[in-house]
Amino acid sequence: MRCRACATSVDEPDGVPLCPACAAVTGSPREPARSASTSALWLWTSPHAAAALATGDLGVMIRTWRQATGTSQLALAEKLGYDPSYISMIETGRRDVVDIVNRRRIAQHLGIPLHRVGVTDTEAVDHVTMLQFGYSTLRLATIARHAGHGAAAVNELWPLVARLEARADDGIIDKDMLLLLARARAELGVSLGYVLPAAGPRGCAPRGRRARPASK
């Protein structure tokens, strides 16, 4: 699909015949469809939680998650279909979850990216690939904005932000991905400032232009 206004190729058509940049200029910016997230996404960004993730110990992660959310072993066990004593043994290191299916199930419930618990499947590989792709897109968009191509920067960043937010809603995210999302949204906001018509106070020059001195 191509934008009706500037003929830019749009990767993910959603019924809007304009690219993100042109939609923003006309006053109808598109927002990606989002669902309510059920994961404690920001929980794992605190220094204490990050330290728990760094251990690679599922028991430590479970205990950290319970403390942060105020969830009892009984409540967690009921959610996962386990006996409370089993959760207790995992947390204290007396039992380990070696079955990949169960490790994945627990990690997804706690909002932990799979690679953090040693589940190296296609989803974990995709997580790393998404980080690499995201930072590459962010760098290219920043270069485009600095070169005066604000619309191109917006059109690169908008799909990236939409994909990252979709991953966040699905709980496929960690501190690194959240930082990428924050930087991408910030850069998108700056780039939009170069695309949207200037609407500053009277007498102020539009961004990037110098006000001409009044003629005598």
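This text walks you through salt bridges in the structure above. Keep in mind that the model is predicted. It holds four salt bridges, and we will visit three pairs, including one formed by R66 and E91.

Let us begin with R66 and E91. Their side chains meet in a salt bridge, with N and O 2.5 Å apart. Find R66 in helix 3 (residues 58–69) and E91 in helix 5 (residues 84–91); the two residues are 25 apart in sequence, so their salt bridge ties together separate parts of the chain. Are these partners buried or exposed? R66 has a relative accessibility of 15%, so it counts as buried, because the cut-off for buried is under 20%. E91 is buried as well, with a relative accessible area of 8%.

Next, look for R145 and E187. Here too the side chains form a salt bridge, at 2.5 Å from N to O. Which helices does this pair link? R145 sits in helix 7 (residues 122–146) and E187 in helix 9 (residues 175–195), so the pair links distant parts of the chain, 42 residues apart. R145 counts as buried at 12% relative accessibility, and E187 is buried with a relative accessible area of 9%.

Our last stop is R103, which forms a salt bridge with D96; the closest N and O atoms are 3.4 Å apart. R103 is buried, at a relative accessible area of 10%. D96, on the other hand, has a relative accessibility of 52%, so it counts as exposed, because exposed means over 50%. This salt bridge therefore joins a buried arginine, R103, to an exposed partner, D96.

Methods
Residues are numbered from 1 along each chain as its sequence is written. This is a predicted model: local features need pLDDT of at least 70, side-chain atom pairs count only at pLDDT 80 or more; totals for chains, interfaces and linings use all residues. Side-chain values use heavy atoms; hydrogens and water are left out. Helices (H or I, at least four residues) and strands (E, at least two) are DSSP runs, numbered from the N terminus. Buried means under 20% relative accessible area, exposed over 50%, partly exposed in between (1.4 Å probe, protein chains only).
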